[in-house]
Amino acid sequence: MEKIITEMIKEIGEDPKRKGLQDTPKRVSKAWEYITKGYRENLDDIVNGALFDSDTRDMVIVKDIEIYSMCEHHMLPFFGKCHVGYIPNGKVLGVSKLARIADHFGRRLQIQEQLTHQISTTVMDVLGCEGVGVVIEAKHLCMMMRGVEKQNSSMVTSSMQGQFRNSAKTREEFLRLI
Ligand SMILES: [Zn+2]
């Protein structure tokens, strides 16, 4: 990775030996290891031990989960908020775990549509719940600092499964609460 970054610095017309840039390949390499750590995590380790029995059939929502990901078309960041809701069917998940699941799929090369879907499918699978709704609102640097340069636009994606897809009432309740 460090070799590639050094090449890239040369390619854009900079001098990798310049003082400020000398340690840059090492830093960039470390940063990329972190922002793509989703590839090296195991989902079972994340969820493990955080499933609790519960009789409730009422909607559980965690909103405003910060999300950071990398657009797979430009390898530039997109970031924003993720809202997750589900209706339990015998089990609930420790509250921080929804954020960990969002990170697990966010910390890699992504498109927002797929990220939204992967989170809802995973919550559905892990919990065996009645339904899941996921909404992500994000800003994409590939749109903001290049291309069309639209600084104030954001993209909203949603993925509804089970009761959230089948029942307009459930979906409305979720959307109202987030
Ligand atoms: Zn992009």
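This is a short dialogue on how to read a few features of a predicted model.

Colleague: What should be known about the model and its numbering?

Modeller: The model is predicted: local features need pLDDT of at least 70, side-chain atom pairs count only at pLDDT 80 or more, and totals for chains, interfaces and linings use all residues. Residues are numbered from 1 along each chain as its sequence is written, and side-chain values use heavy atoms, with hydrogens and water left out.

Colleague: How many helices and strands does the protein have?

Modeller: Both are DSSP runs, numbered from the N terminus: helices are H or I with at least four residues, strands E with at least two. The protein has 8 helices and 7 strands.

Colleague: How many disulfides does the structure hold?

Modeller: A disulfide is a covalent bond between the sulfur atoms of two cysteines. Here the term means a pair of cysteine sulfur atoms within 2.5 Å. The structure holds 0 disulfides. For Cys 82, the nearest cysteine sulfur belongs to Cys 129 and is 14 Å away.

Colleague: Is Cys 82 buried or exposed?

Modeller: Buried means under 20% relative accessible area, exposed over 50%, and partly exposed in between (1.4 Å probe, protein chains only). Cys 82 counts as buried because its relative accessibility is 0%. Cys 142, at 10%, also counts as buried. Of the 178 residues in the protein, 39% are buried.

Colleague: What share of the contacts joins residues 24 or more positions apart?

Modeller: A contact means heavy atoms within 4.5 Å. Among contacts with a separation of 6 or more, 67% are between residues 24 or more positions apart.
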